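Thanks for coming, everyone. I have one structure to walk through today. Please take a look at it before I start.

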Amino acid sequence: MQIFLDTAILDEIKSGAATGLVDGCTTNPSLAAKAGREYNEVLKEICSIIKGPVSAETVSTDAEGMVKEGIAFSKIAKNIVVKVPMTAEGMKACQRLTKKGIKVNVTLVFSANQALLAAKSGAFMVSPFVGRLDDINEVGMNVVREIKQVYDNYKFTTQILVASVRNTNHVLDAAKIGADIATLPYSVFEQIFKHPLTDAGIKKFLEDWEKVPKKK
Ligand code: G3P
C-alpha cells in the first residue's frame, strides 16, 4: 500500500520524505489554510520534495471553473493530480480533465455508488473519507471494502485512496482491505513506526550492551 501525507506543511513533508517511505501527498483548502501560505507556491515546493502524486484541490462549483483551475494546477508540475468534488459538475470536470491527460482525484466520497461514478468518469484516484463517516456513527471502512469489491468486479483501474484517516487502525484496515493508498496526517504517520515493545526492547539491549566486556 502506498503511503501519502495529508498535509501542506512543508516541514512535515520534508521530514516524511526523508524517511523514504512517503509515496505522495494530498492537500485541500483546509490544509492549505493551516499551512498559511499562497497555495500555488506551496504546491510547487511540495512537488519539488515529493516525486509521487501531489493532489491540488479546485474550489469552483461548476465544471468550467474546475477545468480551468485544474489546467492551471497541472502546469505547476508533472506530478500534480487535480482534486474535484463528488458532484455532477465534478464528474463533468473529471471527464474533461482526464481527456486532456490530466489526472483527477475525486474527493469527498462517502459511498461506493459515488465511487462507481468517479471510476466511470475516468478518475485516477477516488478518496473515501473514512473518519468523517465514523464521526456520524457509520463505519467508514465498510465503504472502502464496498468500493474495492465494485472496482474488482469491473476491473476499474481507479486507485482507492483512503482519506480522512484519524488513527493507526484506519491504516491497518486500509491495508487489510487492499486499498491502493492511505493518506495520513503527519501525527498518524509518526505513530505507525512505534510500538512500546520496540522502545522497551531497544532500552534493554542498550543497557545490556553496557555490560558486554569491551576491548581496553
Ligand atoms: O484527505 C482528506 C482529509 O484531509 C480530510 O480529513 O480529518 O478533515 O476529515 P478530515
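I'll go from the whole chain to the ligand, and then to a handful of single residues.

One caution up front: this is a predicted model. Please keep that in mind for every value I quote.

First, the overall picture. The protein has 216 residues, and 46% of them are buried. Its secondary structure comes to 11 helices and 8 strands. How big is the box that the C-alpha atoms fill? Roughly 75 × 35 × 30 Å, taken along the principal axes.

Now the ligand. Where does it sit? The ligand takes up the space of the largest pocket. Which residues surround the ligand? Here is the list: Asp6, Asn28, Leu31, Phe129, Arg132, Ala163, Ser164 and Arg166. By character, that shell divides into 3 nonpolar, 2 polar and 3 charged residues.

Let's go through some polar contacts with the ligand. Start at Asp6. A polar atom in the Asp6 side chain lies 2.6 Å from a ligand oxygen. Next is Arg166. An N or O atom of the Arg166 side chain is 2.9 Å from an oxygen atom of the ligand. Then Asn28. Here the distance from a side-chain N or O atom to a ligand oxygen is 3.1 Å. And how much of the ligand does the protein cover? On its own, the ligand has 310 Å² of accessible area, and the protein covers 81% of that.

Let's leave the ligand and move to Thr58. Thr58 lies in the loop between strand E3, residues 54–57, and helix H4. Buried or exposed, this Thr58? Its relative accessibility is 4%, so Thr58 counts as buried. The cut-off for buried is under 20%. The Thr58 side chain also has a partner. It reaches the backbone oxygen of Lys83, at 2.9 Å.

Across that loop is helix H4, which covers residues 63–74 and holds Glu64. Glu64 has a relative accessibility of 42%, so it counts as partly exposed. How far is Glu64 from Ile181? The two are 117 residues apart along the chain, and their C-alpha atoms are separated by 29 Å.

Next, two residues with backbone angles to note. Leu108 has a phi near 60°. That is a positive value in a residue other than glycine. Leu108 is in strand E5, residues 104–109. Its relative accessible area is 31%, so Leu108 is partly exposed.

Lys155 also has a positive phi, near 55°, and is likewise not a glycine. Where is Lys155? In the loop between helix H8, residues 140–154, and strand E7, residues 159–162. Lys155 is exposed, because its relative accessible area is 69%. The cut-off for exposed is over 50%.

Now some chain positions and the distances between them. Take Asp135, in helix H7, which runs over residues 130–135. At 51% relative accessibility, Asp135 counts as exposed. Its C-alpha atom is 22 Å from that of Thr87, with the two positions 48 residues apart along the chain.

Ile49 comes next. Ile49 is in helix H3, residues 39–49. Its relative accessible area is 25%, so Ile49 is partly exposed. Ile49 and Gly24 are 25 residues apart along the chain, and their C-alpha atoms are separated by 9.7 Å.

Last one: Phe193. Look in the loop between helix H10, residues 186–191, and helix H11, residues 196–211. What does 46% relative accessibility make Phe193? Phe193 counts as partly exposed. From Phe193 to Thr168 is 25 residues in sequence. In space, C-alpha to C-alpha, that pair is 10.0 Å apart.

To recap. The ligand occupies the largest pocket, and the protein covers 81% of its accessible area. Asp6, one of the residues around the ligand, has a polar side-chain atom 2.6 Å from a ligand oxygen. Thr58 is buried, and its side chain reaches the backbone oxygen of Lys83. Leu108 and Lys155 carry positive phi values. That's everything from me. Thank you.

How values were computed. Residues are numbered from 1 along each chain as its sequence is written. This is a predicted model: local features need pLDDT of at least 70, side-chain atom pairs count only at pLDDT 80 or more; totals for chains, interfaces and linings use all residues. Side-chain values use heavy atoms; hydrogens and water are left out. Helices (H or I, at least four residues) and strands (E, at least two) are DSSP runs, numbered from the N terminus. Buried means under 20% relative accessible area, exposed over 50%, partly exposed in between (1.4 Å probe, protein chains only). A residue is near a molecule or strand if one of its heavy atoms lies within 4 Å of it. A polar contact is a pair of N or O atoms within 3.5 Å; within protein, one must be able to donate a hydrogen and the other to accept it, and residues adjacent in sequence count only if both atoms are side-chain atoms. Accessible areas come from the Shrake-Rupley method with a 1.4 Å probe; for residues, only the protein chains shown count as cover. On a 1 Å grid over the protein atoms alone, a cavity is a set of points where a 1.4 Å probe fits but cannot get out, and a pocket is an open set with protein on both sides within 12 Å along at least five of seven lines; lining residues have an atom within 4 Å of a point. A molecule sits in a cavity or pocket if more than half of its atoms lie within 2 Å of its grid points. Ala, Val, Leu, Ile, Met, Phe, Trp, Tyr, Cys and Pro count as nonpolar, Asp, Glu, Lys and Arg as charged, and the others, Gly among them, as polar.
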